[in-house]
Amino acid sequence: MNTILVNGDPLEWKDGMTVRDVLTLKRFTFPMLVITVNDNIIDRKRYDTALIPNDASVKVVHLMSGG
Amino acid sequence: MSSHTTETDYPKFQRCEVDFTQRTEYLDGLEAMKAAHKVLKEWTFKPSLPQQGYTNRTLYLNVGTLEVKEKAVTQQMKDMFIGGRGFGMWYLWNAITPKTKWNDPENEIIITPGPISGITQYPGSGKSLVVALSPETEIPIDSNVGGYFGPLLKFSGYDSLEIQGKAEQDLIVFIDGQKGLLRIEEAPAEPLDSHVLAEILTRMYAENDADRVNISVVSSGAAAEHSLIGMLNFSWFDKRRGCIRLKQAGRGGIGTIFRNKKIKALVIRGPEVKGDMNHPVDQETIAKTGIKLHQELRSNDPVQCLMRRNGTAHIIEIMDAYDLLPTHNFQYGSHPEVHKIASYVWDQRCTQRTTDGCWYGCSMACAKGADGVVLQTGPYKGHRVTVDGPEYENAAGLGSNCGVFDPEFLLELNFYCDTYGICTITYGTLCAFVMECYQRGILNKERTGGLEMTWGNALDDLAMMHQMAQGEGFGKIAGLGVKRMKALFIANGWGDAALINDIGMENKGLEYSQYMSKESLAQQGGYALTNKGPQHDEAWLIFMDMVNKQLPTFEDKAEALYYFPLWRTWFGLYGWCKLPWNDVAPSDNAKTAEPTKIPEHVQNYLDIVSAMTGKKITSEDMLRQSARVYNFQRIFNIRMGKGLRLHDHAPYRSQGPVTKEEYESRIERYEKELRDQVGVDPTTMSLEEKMAATRKYRIDRYEKLVDAVYTRRGWTLDGVPTQARIQELGLDIFPELVEIVKAHGG
Ligand code: SF4
């Protein structure tokens, strides 16, 4: 199955998929994020290069801001 | 989600090159206005500076009897209520009875900065809280405001200002914290509108040009006099622009009370501000903690929220992208024209070369201003003005929620709300309600007296606001707010009562602020399970709940609705601004156990309070301090005949799709919910059946949330704090509180 979970929701996985690709596909434009891939924190500087393995669990925690 | 557009899709505004020192002058006739003043009372006092954050006395003023006196701040007040909102609630409790109405002389307006207010080393440390019995909700309201008045009051010698009574003629109260003099003056000649009045009074009461920064004016405006949605402007003098700037205590109609008391303005002249005027126990810790945050802001804000360039407007297009931007009276969460009012528009329309902090030392400096705005309508047509903002709430409320996507009109709406003294959030939500009523035939041109309240009709929107300021026409009806408009339209037989109740976005009589809670159950609670009504400053949980999915169970949501309202209450007890807490984050925040709480910043606050007072406090102490005031306020609501489960009811528009179009706009989401959560097959159901099943599911779910939240807060299932809870908090030292909870089964 070429699927990953992003905040618990399934998303189709593609070879070479990066963290940035996930953010684009999910339209996650908010700048204050804490991202983990299989529980490993991904630094903001690596969003364009960090690869997502098939079957990964990706968590994109949005801090609150606003409000 | 929307067909969200980005900066590159939109033709750029020219970078704002207007001369930010130029605007229409209003000083003609100043001397004549001054000469028309009649001194009714002079009272002297000994100015003093706070010690460890407190001056230990407050100022009481009755504008009806002209009584002025000092009251001592007791240790019990400090222990139980801390300051800020806590002091305000305590004074209001003692001033009124369960029978008091908002326009009775005994109602008070209490302005009260907290014990850290006035620090200049740590960003966001100059706030005041304003507390009163609200004309909209008929329960206590608290509103948090920047500007210099609160800190200057403290540095003149008072922890709070308590105003009671009702005058017969328009008054100005002048407090001179340099000379130790208070004067109540009859002031017949000055205009009411804030952008003129605050400018005139700043010059009238400053002793020379350099003294203007020591003046702050609290004022309202013409529309506050004719509506229930009046707000208060708190000024400060912007040296670089050479004009006054305004921050607002917006919610709940406090400006209406101000004008009902016939107060034209409060003017303070404080001493020159220096960095150590609070006399903390440990100045060094405060300075060090401040430097750390200044550095963090310098390095992280440019890659995080850009607060220093755009202020809170930075989230306009973000809310749109996440389907959370209220559009057309909260029907939808996004709109294809949002790019016209997005942050990059304001980035270029607002002046960027100034220091935009609403108190000294705030390097977050989010109080942006658009200069050189030439007004197109109303009594100031053709005038060139500076508009404070727009902040996110203004752009969303006056903009997308009413379908107004013209940035110049948006600035004009923002300007007139401010100068007329009405709350932008409230006006946005009530105007959106009027427009939807117009769309659905509940209103028409005849019923509005000729106003064509179609989505995006900014000219008639402004015309309605001008009517509100004149106290005439349909504008006067709109100024009653959503709750009273609903009742009136239903009584007039103008439409289906159920529909009118579903789409009128108010709870407890207060209009919703500008976030879409429809798809976040936790946020539905974050709005309707508040003490004062649906303002987002108790708990903003949409991302945690809807996007991050961190709150899957009722208990998780209830825990968030326990913690965050207490945390946010704490800001109001001490005089903090919330924005530097979570609109910037330390670089290593991701590695902390609970990044959404920004633990390093929480620790900064605890360290500063400990350094100020000399009493070390922990996060448990913080929760306990807030819980006392929070539960006190809940019981206060009950004392005023509200504050029960029945009053925590939410309009269905805040919970789910009211109309077929709304349902169809998110059909995938709703049908998935029907399949996965309700356990029915939507393919076998009619649209009406699907909508009814969705509605039943969502309302049941909200009631379950209410049960969980009340339980977590230590309340009965009717929303009454239990005796055990008030004992645990030490509130049982007040016998009347015990009586009230007992009488309501607590
Ligand atoms: S962050 Fe903005 S609102 Fe808060 S104190 Fe600073 S300038 Fe004022």
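User: Which parts of chain B do the buried residues of H19(B) pack against?

Analyst: Keep in mind that this is a predicted model. Helix H19 of chain B covers residues 521–528, and 8 of its 8 residues are buried, so it is largely enclosed by the rest of the structure. Its buried residues include B:Leu521, B:Gln523 and B:Tyr527. What they pack against is strand E16 (506–507), helix H20 (542–547), helix H21 (554–574) and helix H27 (687–713) of chain B.

User: Is B:Leu462 buried or exposed?

Analyst: B:Leu462 sits in helix H15 of chain B. Setting aside residues up to four places away in sequence, it touches B:Thr377, B:Phe409, B:Glu412, B:Leu413 and B:Tyr416. Its relative accessibility is 0%, and the cut-off for burial is under 20%, so B:Leu462 counts as buried.

User: How far apart in space are B:Leu462 and B:Phe409?

Analyst: These two are on each other's contact list, with B:Phe409 among the residues that B:Leu462 touches. Along the sequence they are 53 residues apart. In space, going C-alpha to C-alpha, the distance is 8.7 Å.

User: What domains does the assignment give for chain B?

Analyst: The assignment gives three entries, and two of them are written as two stretches of sequence. Domain 2 runs over 36–269, while domain 3 takes in 549–584 + 618–743. The remaining entry, domain 1, is 7–16 + 305–511.

User: What area is buried between domain 1 of chain B and domain 2 of chain B?

Analyst: The centres of these two domains are 27 Å apart, taken over C-alpha atoms. The contact brings together 46 residues of domain 1 of chain B and 46 residues of domain 2 of chain B. Carbon and sulfur atoms give 54% of the buried area, which comes to about 3,700 Å².

User: Which three residues supply more than any others of the area that domain 1 of chain B buries against domain 2 of chain B?

Analyst: They are neighbours in the numbering of chain B, and together they supply 20% of what domain 1 buries against domain 2. No other three residues supply more. They are B:Cys358, B:Trp359 and B:Tyr360.

User: How many salt bridges does the rule find across the interface of domain 1 of chain B and domain 2 of chain B?

Analyst: Let's start with a salt bridge between B:Arg245 and B:Asp356, whose side chains meet at 3.0 Å, N to O. By the assignment, residue 245 falls in domain 2 and residue 356 in domain 1. Across the whole interface of the two domains, the number of salt bridges is 6.

User: Which element gives the most to the side of domain 1 of chain B that touches domain 2 of chain B?

Analyst: Polar contacts across this interface come to 25 residue pairs. On the domain 1 side, the elements giving two or more residues include strand E14 (369–374), helix H13 (407–420) and helix H15 (458–470) of chain B. With 5 residues, the one that gives the most is H13(B).

User: Which side chains make polar contacts with that of B:Asn233?

Analyst: B:Asn233 lies in strand E11 (residues 232–238) of chain B, and at 0% relative accessibility it counts as buried. Among the residues it touches are B:Val217, B:Leu246 and B:Asp418. Its side chain is joined by a polar contact of 2.8 Å to B:Ser194 and by another of 3.0 Å to B:Gln248.

User: What side chain makes a polar contact with the side chain of B:Glu162?

Analyst: B:Glu162 belongs to strand E7 (residues 161–164) of chain B. It counts as buried, at 2% relative accessibility. Its contacts beyond four places in sequence include B:Leu59, B:Tyr91 and B:Ile110. The polar contact, at 3.0 Å, is with the side chain of B:Lys71.

User: Which side chains meet in the salt bridge between chain A and chain B?

Analyst: The contact takes 19 residues from chain A and 34 residues from chain B, and the two chains bury about 2,300 Å² between them. There are 7 residue pairs in polar contact, but the salt bridge count is 1. At 2.4 Å, N to O, the pair is A:Asp9 and B:Lys549.

Key: Residues are numbered from 1 along each chain as its sequence is written. Chains are lettered from A and ligands numbered from 1 in the order in which they are written. This is a predicted model: local features need pLDDT of at least 70, side-chain atom pairs count only at pLDDT 80 or more; totals for chains, interfaces and linings use all residues. Side-chain values use heavy atoms; hydrogens and water are left out. Domain bounds come from an automatic or database domain assignment. Contact means heavy atoms within 4.5 Å. Buried area is the accessible area (1.4 Å probe) that two parts lose on being put together, summed over both. A salt bridge is a side-chain nitrogen of Lys or Arg within 4 Å of a carboxyl oxygen of Asp or Glu. A polar contact is a pair of N or O atoms within 3.5 Å; within protein, one must be able to donate a hydrogen and the other to accept it, and residues adjacent in sequence count only if both atoms are side-chain atoms. Helices (H or I, at least four residues) and strands (E, at least two) are DSSP runs, numbered from the N terminus. Buried means under 20% relative accessible area, exposed over 50%, partly exposed in between (1.4 Å probe, protein chains only).
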